[in-house]
Amino acid sequence: MAQLNSLGSWWWEVMSSNKNELTLPISAIILTGLWYIWTVSSSSNGRSPLPPGPCSLPIVGYLPFLSRDLHKQFVNMAHSYGPIFKFHLGSKLHVVINTPDLAKVVVREQDEIFANRNATIAALAITYGGQDVVMSDNNSDWRNLGKIFVHEVLSHKNVEASRYFRRDEVRKTSRNVYSKIGKTIDICEIAFSTEAKVLTSMLWGNTSEEKANGGQIAAELQIIVANIVELMSKPNMSDIFPSLAWLDLQCIERNMKRQLDRLDRIFTRIIHDRIESNSNKSKDAVGHEGKKDLLQTFIELMDQKNPTSIKITQIKALLLNIMVAGTDTTTTLIEWTMAEIMQNHDIMKRIQEELLQIVGPNKIVEESHLPKLQYLDATIKETLRLHPVLPFILPRSPSQDCVVGGYTTPKGCTVFLNVWAIHRDPRYWDNPLEFNPERFLTNKYDFKGTNLNFFPFGSGRRLCPGVPLAEKMQLYILASLLHSFDWSLPEGEDHDLSETFGITLKKRKPLFAVPSQRLRNASLYM
Ligand code: HEM
């Protein structure tokens, strides 16, 4: 959705190149008439009306009027049309929800009905046709994979057991930053590589190939994940005009399939390597070699002959979900948090005082310190309030017609929960544009979407299952970067908090920062 305005201008370019000057106005008048008749007849058959919304043009709907900063445009539209409004893109109906009360109807009262995703063509292309957890509709496969995700992948036990992977990688990052003292560092890059290496260790850490290749796979994944996020953020004519989908006019589907091919090659190699090495050992030897990694768990689930058994494609889709959903989100959050902290010196000082008090000047951060870092935790929450990584969560779609706020939300439409607007609404937050972590010290909010004034990880049955890991990783990486180093902007750089809209809300300019040594004892960096 990021550059829907570019679609708008694309449309105008096509239309203005029409040489026959009379055809356009006459067709427009006829189509507008038909559109009007259809709209009136469909809202006067006794059911609740559709939500209010702007007038649309025939065929293209509201497409030409969408701006580049869609999240800000939706706030303005909510001022004009109210807490729930609709617009058409092509023939597709979109509904935007802008208040906690109405979000509650979607994610609590009618959660089961609203648990479909209505995946885009790009999303289907990268997820083996929606065979994953993120983009699958609410069906028995999704429920089975969801259970595996919660009970096997990110269970409390598993997240605890993988603490050594996190410690190793965070220490390596610290060493890496120390070797670049006084030089300019791309914060996103270090956050991504730390997160990706932790995840690959958790996933297939016992694979001999991964041991041999070290961080190479993580580096390749970084490029692929960046490509996927970029393609997912592009508006796609094939989604808006399904009859044109076979043409794949912007080559989005083709490019996405190319990314999937690259990923599939990595995953196939790693899975086959594991199956082969398993068959060369006795069953007992597999278990005794050390801690079982997630790949081993998935392969054992595949070998089971019962209803919870999974197929090899589903294993690959799970690996993909963990790598894509787990890296880009956390990296984006860490970059925003560092940018806010560097702009607010008093907040940086207070976080570092807390770290000195809890960790001490002669130690480095350990995971056992994390639950005590309340001010840093509040700072992360405040960052997620002002810069929710997924500004509209992920789209939901009702499996049947239903009523929200007195308006019909038809089966199959795309529903955006506008968390970006709710998090900045003065009706729910005092001085909403002020960056003030204090508000999360005095009021307790969690990441489970219990209070729908604040739900950056979503809510209800499609709540992000990555919360336990994300919480640990973001706190651990940030605490280590801020305890071991002081940070300043490169000379001549100004603070910049402008954003660029996409499926994830990123900083317009990447954050570059210069570290300096903070702990006296140099051996703490080794
Ligand atoms: C700062 C970090 C993260 C943020 C802000 C975030 C946010 C979200 C949001 C908003 C959703 C949609 C929820 C909904 O529809 O109600 C989601 C879904 C999901 N997230 Fe995360 N996430 C993060 C980290 C992670 C991590 C680390 C993982 C896994 C390793 C992960 C895995 C998933 C999965 C599998 C889903 C799909 C759940 C479903 O549709 O059933 N996320 N996330």
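This is a short tour of a predicted model, with a suggestion at each stop for what to select.

**Stop 1: the ligand.** Start by selecting the ligand and the residues around it. The shell holds 27 residues, and G326, T329, G458, C464 and G466 are the closest. Which helix should you colour here for the largest share of the shell? Pick α16, which supplies seven residues. Then add α6 (140–153) and α21, since these two helices, like α16, each give at least two residues to the shell. If you colour by residue type, you will find 17 nonpolar residues, nine polar ones and one charged.

**Stop 2: the nonpolar core.** Keep α16 on screen and turn to the largest nonpolar core, which has 125 residues. Helix α16 (residues 312–343) gives the largest share of this core, with 15 residues. Nonpolar side chains tend to be buried together in soluble globular proteins. For good entry points, select I97, V106, I187 and L417, the residues with the most contacts inside the core. Now centre the view on I97. Beyond its neighbours within four places in sequence, I97 contacts I84, L102, A103 and V106, and also the run V415, F416, L417 and N418. Two of the other entry points, V106 and L417, are thus among the partners of I97.

**Stop 3: helix α8.** Next, select residues 163–178, which form helix α8. Its 16 residues reach 22 Å from first C-alpha to last, close to the 22 Å expected at 1.5 Å a residue. Show the side chains of R166, E169, V170, T173, S174 and V177, the buried residues of α8. Why do they sit on the same side of the helix? They do so because they cover an arc of only 145° around the axis. In an α-helix, residues three or four places apart point the same way, because there are 3.6 residues a turn. Turn to the other side of α8 and you will meet Y164 and R175, which are exposed. To see what the buried residues pack against, add the helices α9 (187–204) and α21 (467–484), then the strands β3 (185–186), β7 (485–488) and β10 (512–517).

**Stop 4: two loop residues.** Finish with N118, in the loop between α4 (100–109) and α5 (121–126). Its phi is near 55°, a positive value in a residue other than glycine. N118 counts as partly exposed because it has 19 C-beta neighbours inside 10 Å. Then jump to D248, in the loop between α12 (237–240) and α13 (252–279). D248 is not a glycine either, yet has a positive phi of about 45°. With 18 C-beta neighbours inside 10 Å, D248 also counts as partly exposed.

Terms used: Residues are numbered from 1 along each chain as its sequence is written. This is a predicted model: local features need pLDDT of at least 70, side-chain atom pairs count only at pLDDT 80 or more; totals for chains, interfaces and linings use all residues. A nonpolar core is a set of buried Ala, Val, Leu, Ile, Met, Phe, Trp, Tyr and Cys residues joined through C-beta atoms within 7 Å. A residue is buried if 20 or more other C-beta atoms lie within 10 Å of its own, exposed if 12 or fewer, and partly exposed in between; C-beta atoms are placed from the backbone. Helices (H or I, at least four residues) and strands (E, at least two) are DSSP runs, numbered from the N terminus. Two residues are in contact if their C-beta atoms, placed from the backbone, lie within 7 Å. The expected span of a helix is 1.5 Å times one less than its number of residues. The arc is that of the directions from the helix axis to the C-beta atoms. A residue is near a molecule or strand if its C-beta atom, placed from the backbone, lies within 6 Å of it. Ala, Val, Leu, Ile, Met, Phe, Trp, Tyr, Cys and Pro count as nonpolar, Asp, Glu, Lys and Arg as charged, and the others, Gly among them, as polar.
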